[in-house]
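Here are my notes for you to read with the model open. Take the points one at a time and find each residue as you go.

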Amino acid sequence: MHHFHYAGSNLQCENVDLAEIARLYGTPTYVYSAATMADNYNRLASGLKGLDLQICYAMKANSSLAILRHFANLGAGFDLVSGGEVRRVLAAGGDIKRSVFAGVGKTEAEIELALKNDIFAFHVESEPEIARINHVAGKLGVKAPIAIRINPDVDAHTHAKITTGKSDNKFGIPLAHAAAAYEAAARFPHIQIKGAQMHIGSQLTSLAPFVEAVKKVAPFVTDLKAKYGITYWSIGGGIGIIYKDALASGSPEWWSAQPADTRPLTPEAYGEALTPLLAPLGLKIVLEPGRYMVGNAGVLLSRVEYLKRGKGKNFLIVDAAMNDLVRPAMYDSFHEIVPLHRDTERPALVADVVGPVCESGDCFAKDRPLQSVGEGEYIAFMSAGAYGYTMSSRYNTRNMAAEVLVQGGASDLINARETFEQQIQNEKLPAFLTK
Ligand SMILES: *Cc1c(COP(=O)(O)O)cnc(C)c1O
């Protein structure tokens with residue numbers, strides 16, 4: 001469920017007209033719904049009620065300061081993957097003490113920064129990393145809390161670039177070697193064994209892999225509790241969202257019309273399946289949802305530049321490009337495209353929707369049936385709240401897009417569009433080229 005819907009013929013985010021936002025701030029612009037994020041957070045928390053639960057929002061999905069603050073206000077901690085993300089949480093007023101630090105390549109400086117801010121735990125990905133964390137903790141005269149990331153070798157049935165829980169991924173330590181890794185960790189004087197962690201992949205649309213992974217790893221986690229007194233288990237993130245029927249899935253009617261056996265994953269079903277498996281462990285349970293928290297809460301607004309009619313092929317050329325939203329180019333992912341002004345009288349149009357970047361890969365959709373739209377009109381890419389802005393770049397010397405947050409009838413610019421001057425501010429012409 002989400003808060004994007006047509007009011008008459010105009011697409012709104014909560015009570016705000018999106019065309020108004022496009023006119024006010026220009027395009028391409030990301031727009032996020034605060035109510036949708038709050039609903040997502042609260043539904044997940046109540047889906048697993050009864051557990052000692054800590055939701056650590058995986059901020060790499062969307063790390064704008066205002067969004068971090070919104071989740072911090074809701075009670076979330078954060079799943080961090082870099083020193084920069086630690087600093088973003090601090091800048092937003094979030095709590096590092098309730099946050100976990102993941103990633104395969106933590107540097108000494110990043111470990112030190114996290115320790116100085118009382119990180120809840122490091123999620124360790126390899127044995128050499130344990131030695132490094134021990135070394136940094138020793139220097140600071142503290143004990144570093146850790147959990148080892150266990151790779152359960154479960155197939156998440158998702159895109160190859162976002163599956164992480166198979167044994168041939170770079171992530172974690174295989175279940176068969178995890179006991180030895182914990183024994184090794186226990187011998188370091190500046191390491192405190194605090195928990196266990198896993199994360200099997202992203203955009204999972206069925207429950208089965210989550211259930212399989214929890215069942216597979218739970219006995220080992222029970223052993224860890226007996227042996228080392230661990231106090232928590234993070235079961236990762238990965239809950240998928242709706243891309244195909246994104247707009248329709250905003251309404252409860254759409255959900256109740258889905259047949260039970262093919263109904264997309266809901267936080268209620270996730271909680272119902274996992275709570276009984278997790279409750280008997282008597283541990284704090286950490287979740288690390290990223291995409292689920294923000295994906296359906298954001299859209300990317302874009303303006304139509306040209307409709308180029310070709311032989312048997314139409315191209316709708318818009319002002320957003322792969323640098324703004326790379327998911328279609330990188331993961332072949334589908335984003336629903338809807339007009340901000342809906343007009344059912346108009347003829348249909350089948351077109352490739354493309355950006356202006358000089359790459360054939362700069363294509364959002366192939367042969368997509370759309371309402372016909374013309375130059376100067378606006379469209380929205382749905383389900384763009386996760387891995388949208390955070391994965392964007394300046395390719396083709398395009399400025400980073402603007403971001404706007406909506407709550408009820410209020411909206412505010414939370415990240416101004418980058419200027420050309422900002423884009424080149426760190427560059428210089430060396431003297432040996434200019435004399
Ligand atoms: C990326 C990531 C997540 C979040 O994944 P989503 O699919 O966005 O929920 C959680 N945990 C770890 C360790 C990650 O790398």
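**Notes on the strands and the ligand site**

1. Let's start with a small sheet: three strands make an open sheet in the order β1-β2-β3, with antiparallel pairing. Its edge strands are β1 (4-7) and β3 (16-17), each of which pairs on one side only. A strand here is a DSSP run (E, at least two residues), numbered from the N terminus, and two strands pair if DSSP finds at least two bridges between them.

2. Before going on, a word on what you're looking at. This is a predicted model, where local features need pLDDT of at least 70, side-chain atom pairs count only at pLDDT 80 or more, and totals for chains, interfaces and linings use all residues. Residues are numbered from 1 along each chain as its sequence is written, and side-chain values use heavy atoms, with hydrogens and water left out.

3. Back to that sheet. β2 (residues 10-13) and β3 pair in the antiparallel sense over two bridges, and cysteine 13 sits opposite valine 16 in β3. In general, strands of a sheet pair through backbone hydrogen bonds, either parallel or antiparallel.

4. Now have a look at β14 (residues 298-310). With β4 (residues 29-33), β14 pairs in the antiparallel sense over four bridges, and valine 31 faces valine 299 of β14 across that pairing. β14 also pairs with β19 (residues 378-381), again antiparallel and over four bridges; there, arginine 303 stands opposite tyrosine 378.

5. What does β14 do with β15 (residues 313-318)? They pair in the antiparallel sense over six bridges, with valine 304 opposite valine 318 in β15. Two residues lie between the strands of this hairpin, and glycine 312 takes a positive phi near 70 degrees.

6. Next, the ligand. Which residues are closest to it? Of the 14 residues that surround the ligand, the closest are Lys60, Ser202, Glu288, Arg291 and Tyr387. (To count as near, a residue needs a heavy atom within 4 Å.) The shell divides into three nonpolar, six polar and five charged residues; glycine counts as polar in this scheme.

7. Finally, check three distances to oxygen atoms of the ligand. A side-chain N or O atom of lysine 60 is 2.8 Å from one. Backbone N or O atoms do the job for two glycines: glycine 238 at 2.8 Å and glycine 290 at 2.9 Å. As for cover, the protein takes up 94% of the 390 Å² of accessible area that the ligand has on its own (Shrake-Rupley method, 1.4 Å probe).

Key: Polar contact = N/O pair within 3.5 Å; in protein donor to acceptor, adjacent residues only side chain to side chain.
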